[in-house]
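Subject: Structure for your review

Dear colleague,

Please find the structure below for your examination. My notes on the ligand site and on the neighbouring strands follow it.

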Amino acid sequence: MAELIGTVHFEKRDDVALLTIDNPPVNPLSTGVTYWMAMHLEAAIADDDIKAIVITGAGRAFIAGADIRNFGKTLPADLPKPSKSAGEWMESSPKPIVAAINGTAFGGGLENALMCHYRVIKPGAEVGLPEVKLGILPGGGGTQRLPRLIGAENALIPMLTGDPFPTEEALRLGIVDELIEDDDFVDGAIRYARRLVSQNEGPRRIRDMTHWTSKDRERPEIFTSGEDFVAARMRGQFNGEQIVECARAAVMSESFDAGIAEERRRSGLVQAHSQRAAMVHAFFAERRARKIPDIDRDTPTVAIQSAATVGGGLMGGGIAMCFANVGIPVKILEVDQAGLDRGLETIEKNYASQVRRGRLAQADMDARMALISGTLDYQAIGSADVVVEAVFENLDLKKQIFSKLDGVMKDGAILATNTSGLDVDQMAAETKRPEKVVGTHFFSPANVMRLLEVVRGEKTDDQTVATAMALGKTIDKVCALSTNAPGFIGNRMIGGYTQEAQALILSGATPWQVDQVVYDFGFNMGPFRMSDLVGLDLYWRAHKLAGGTLETASRTSKVSFKLCEMDRFGQKSGRGYYIYDERRRATPDPEVETIIRETAAELGVNQRPVDDEEVLKRCLYPLVNIGAQLLDDGVALRASDIDIVYCYGYGFPKHLGGPMYWANDLGLDVVVRDMQRFAEEYGDHWRPAPLLTRLAEAGDGFEVLTSS
Ligand code: NAI
């Protein structure tokens, strides 16, 4: 007999029925929970002594989502069937039902609480609808009841981000009715239920509420702002579009049931969509990436209560903000007063712009600024628990800095470098404590971008790696571990991508075509817009400094260097591949097409039209091929880590799972066959990495995650 997973305890507390959900550790919805909930509700409703019902969770959660062990399970055949589902009993009960939210109420947890007639909450408990993150939508009535309860405007963006509502926010918006601060939360909730009974407050069903829907019908702009949010932050993500439509249905449908039917229909569409599995993979990949197989989970970490950065430029300043944002005091060490003033001013401007856009309270900005201070003196940073070096990308300079840091930092401090790809071991070798040296590669802007590549040097000890990973979590980063190889994971991969983009324009594609294809795929920006943004001159100046000329430039650098020689450095000079107006809008420039044509002719390349499919494959396959090589070389731990690096650091659309997931989905046999064809046509750099060939030949693929 199939066993029921989880249960619900039924206790009579005089005139109140207390139902306690029990499915450790976080009470996800399961066969046993929904079955016993229905049976007990029926019994409680039928019992004349009972005047009200309180539903709560055992332990630290109310209900956190659905139990994955439950999927596809049916009830044992010999059990008496409940005459209505738990949800139907909740909503239709003639006796008031109070959801006593004792802890996390996510997904189905909040949806069940919304089927109850009243909600009370324990301090610190959070509620939310995170379904969007798993590629689905709140299909248990969530998209219909939440907008009815708190208005579509308050409900929509949280359903699109999946972010939880903290207790105070849930109270303020009216998701919950009362905060119960009693030592015994359940006693407090029961007292609340009795008060309802004594005041003759009967069932109050969200399905019958019209306060917000009648208002929201007059405000269609709410949905436009939802659409704008999807366009700006989740372009191409199918479930985002569907959530907006469900919220619209909640407001516009002629009845609650019609809205529910629409939610069910759209929920079916997202369940069946190919993006769903990709997003499940990305979701679990993020969690998996935190686990380092050879480091014990319980490895003690260094408590980080103070921090420092060396360098307060673009990255150093952003990194300092990351610390201040979570209340960690941070000192910025600069080379001179002017550098320091510039750095602190930029930070202040960044915060002020967040305040202007309503994203940060002035008081919070003041508190954060108060945590950031500057110094020119190494002694002043010696007591910090962690120091992150973020000076110019120059190994000799970085080595000098590490030698100085070794002299001043206290014992046990973590010495980190934000290098984009230089040799961390050489920096560590300048110290007498190489085991405390680690790479922490942030992405720009550091206070915004979620990725943190943690780079383990040859001698970095477990505690230092574990501390860097834990610190990443504290400052709200998504971490992935790399070994100390040139360019680590991400920059090594992007090198292949940008080079192939250059090769593509020599083949006959235009920069605008390449950018459009990559944009349509889901990246925010194609490689040429990105080069213009970063500045074409960085690489050109380095080449010239090393004595290089146009003649000695590589084939794939020539067009870019020619543009630089014409003072076309990108956005900053108003021209690069594109021409930019004062509002930074980009227009393709025919002159650039001429330069490309001439360069191709000089290099003996016969140009021809390149179709969009080839453009996409030639842009993305290098990521897959280099990714596979990194796995073979042990630089990256797992294919899913590579997906995380690319989604969070380089804008690969998360709803497509990451480059390795994407390749899998396409079929590694297809990828390898295409690459072999490209190798014939464009050269040996297209030879598939051994791991790719091995997997394709075995009919195998990279690991796809379906759970944690
Ligand atoms: P930046 O030029 O904006 O800032 C460097 C800062 O270091 C300057 O303010 C400079 O005054 C200061 N500095 C130079 N020598 C110093 C010394 N001896 N002592 C103290 N301060 C000194 O450069 P950015 O972009 O912030 O880059 C810093 C590091 O971060 C580099 O290693 C870079 O490769 C890396 N990085 C840069 C990213 C980016 O997108 N810009 C992304 C990820 C890493």
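A polar contact is here a pair of N or O atoms within 3.5 Å. The model is predicted, and the distances that follow are computed from it.

By that criterion, glutamate 334 makes a polar contact with the ligand: a polar atom of its side chain lies 2.5 Å from a ligand oxygen. Two further residues approach ligand oxygen atoms through the backbone. For methionine 315, the distance from a polar backbone atom is 2.7 Å, and for valine 391 it is 3.2 Å. On its own the ligand has 820 Å² of accessible area, and the protein covers 78% of this.

The ligand is surrounded by 21 residues, of which Met315, Glu334, Glu393, Lys398 and Ser420 come nearest. Eleven of the surrounding residues are nonpolar, seven are polar and three are charged. Helix H13 (314-325), helix H16 (395-408) and strand S15 (437-442) each give two or more residues to this shell. The most comes from H16, with three residues.

Helix H13 also belongs to a right-handed β-α-β unit, together with strands S10 and S11. S10 (residues 307-310) and S11 (residues 330-333) run parallel and are joined by four bridges; within this pairing, alanine 308 has lysine 331 of S11 as its bridge partner. S11 is likewise joined by four bridges to strand S12 (residues 372-375), again in parallel. There, valine 330 stands opposite isoleucine 372 of S12.

Yours sincerely

Notes: Residues numbered from 1 in each chain as written. Predicted model: local features only at pLDDT ≥ 70, side-chain atom pairs only at ≥ 80, totals over all residues. Heavy atoms only, no water. Near = heavy atom within 4 Å. Polar contact = N/O pair within 3.5 Å; in protein donor to acceptor, adjacent residues only side chain to side chain. Areas by Shrake-Rupley, 256 points an atom, 1.4 Å probe, with all protein chains shown as cover. Nonpolar A, V, L, I, M, F, W, Y, C, P; charged D, E, K, R; others polar. Pairing = 2+ DSSP bridges. Right-handed = clockwise from strand over helix to strand, strands pointing away.
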